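Hi,

Here is the structure I promised to pass along. Have a look at it first, and then read on for what I found in it.

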Amino acid sequence: MTIQVVGLGPGDPDLLTVQARRVLEAAPVIWCRTLQHPTLQALPLPGQLESFDPLYETAERFEDVYEQIV
């Protein structure tokens with residue numbers, strides 16, 4: 001299994017790199033820190049989207065969320 005980490009940029013889908021777009025479009029499953037990112041919402045992604053949003057809803061601190069994500 002290969003894990004690729006891709007940054008979604010500052011929020012404008014036009015600023016996403018070509019390489020990042022290719023990785024996202026080819027991935028069968030995409031794990032996102034949150035589904036609330038505007039770039040993510042604007043892309044037609046064929047893969048399954050998963051997120052860590054439930055961790056944000058239950059954790060008291062961002063540090064706790066990030067530790068659980070890792």
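Before anything else, a word on "contact": here it means heavy atoms within 4.5 Å. By that rule, L55 touches V65, Q68 and I69, once residues up to four places away in sequence are left out. L55 itself sits in helix α3, which covers residues 53-58. Its C-alpha is also 9.7 Å from that of T34, and those two are 21 residues apart in sequence.

Please keep in mind that this is a predicted model, so every number below is computed from it.

**The overall layout**

The protein has 70 residues, and 27% of them count as buried. Its secondary structure comes to 4 helices and 2 strands. If you walk along the sequence, you meet them in the pattern α-β-α-β-α-α. Taken along the principal axes, the C-alpha atoms fill a box of roughly 35 × 30 × 15 Å. As for contacts with a separation of 6 or more, residues 24 or more positions apart account for 19% of them.

**The largest pocket**

This is probably where you will want to look next. The largest pocket holds about 740 Å³ of space. Its lining is made of 23 residues, and Q4, V5, V6, I30 and W31 are the ones that lie nearest the centre. Two elements give two or more residues to that lining, namely α1 (18-26) and β1 (29-32). Which of them gives the most? That would be β1, with 4 residues.

And what is the lining like chemically? It divides into 17 nonpolar, 5 polar and 1 charged residue.

Two of the residues nearest the centre deserve a closer look. The first topic is W31, which is found in strand β1. W31 counts as exposed because its relative accessible area is 53%, and the cut-off for "exposed" is over 50%. Not counting residues up to four places away in sequence, W31 touches E50, S51 and F52. You can also place W31 against V70: the pair is 39 residues apart in sequence, with 12 Å between their C-alpha atoms.

Then there is Q4, in the segment before α1. Q4 is exposed too, since its relative accessibility is 52%. The C-alpha atoms of Q4 and A27 are separated by 9.3 Å, with the two positions 23 residues apart along the chain.

**R21 in helix α1**

Staying with α1, have a look at R21, which has its place in that helix. At a relative accessible area of 26%, R21 is partly exposed. Leaving aside neighbours within four places in sequence, R21 is in contact with P13, L16 and L43. R21 and V6 are 15 residues apart in sequence, and their C-alpha atoms are 8.9 Å apart in space.

**T39 and H37**

Is T39 buried or exposed? T39 is buried, because its relative accessible area is 0% and anything under 20% counts as buried. You will find T39 in helix α2, residues 38-42. The side chain of T39 reaches the backbone oxygen of L8 at 3.3 Å. L8 also turns up among the contacts of T39, along with G11, D12, P13 and L16, if neighbours within four places in sequence are set aside.

H37 lies in the loop between β1 and α2. H37 is buried as well, since its relative accessible area is 18%. Not counting residues up to four places away in sequence, H37 touches L8, G9 and G11. So if you centre your view on L8, you can pick out both T39 and H37 in contact with it.

**The salt bridge**

How many salt bridges does the structure hold? There is 1. D64 forms it with R61, and the closest N and O atoms are 2.9 Å apart. Are its two partners buried or exposed? Neither, as it turns out: D64 counts as partly exposed because its relative accessibility is 24%, and R61 is partly exposed with a relative accessible area of 47%.

That is what I have for you. Shout if you would like to go through any of it together.

Cheers

How values were computed:
Residues numbered from 1 in each chain as written. Predicted model: local features only at pLDDT ≥ 70, side-chain atom pairs only at ≥ 80, totals over all residues. Heavy atoms only, no water. 1 Å grid on protein atoms, 1.4 Å probe; cavity = no way out; pocket = protein on both sides within 12 Å on 5 of 7 lines; lining within 4 Å. Points joined across faces, edges and corners; volume = space filled by probe spheres on them. Nonpolar A, V, L, I, M, F, W, Y, C, P; charged D, E, K, R; others polar. Salt bridge = Lys/Arg side-chain N within 4 Å of Asp/Glu carboxyl O. Buried < 20%, exposed > 50% of the residue type's maximum accessible area, 1.4 Å probe, protein only. Polar contact = N/O pair within 3.5 Å; in protein donor to acceptor, adjacent residues only side chain to side chain.
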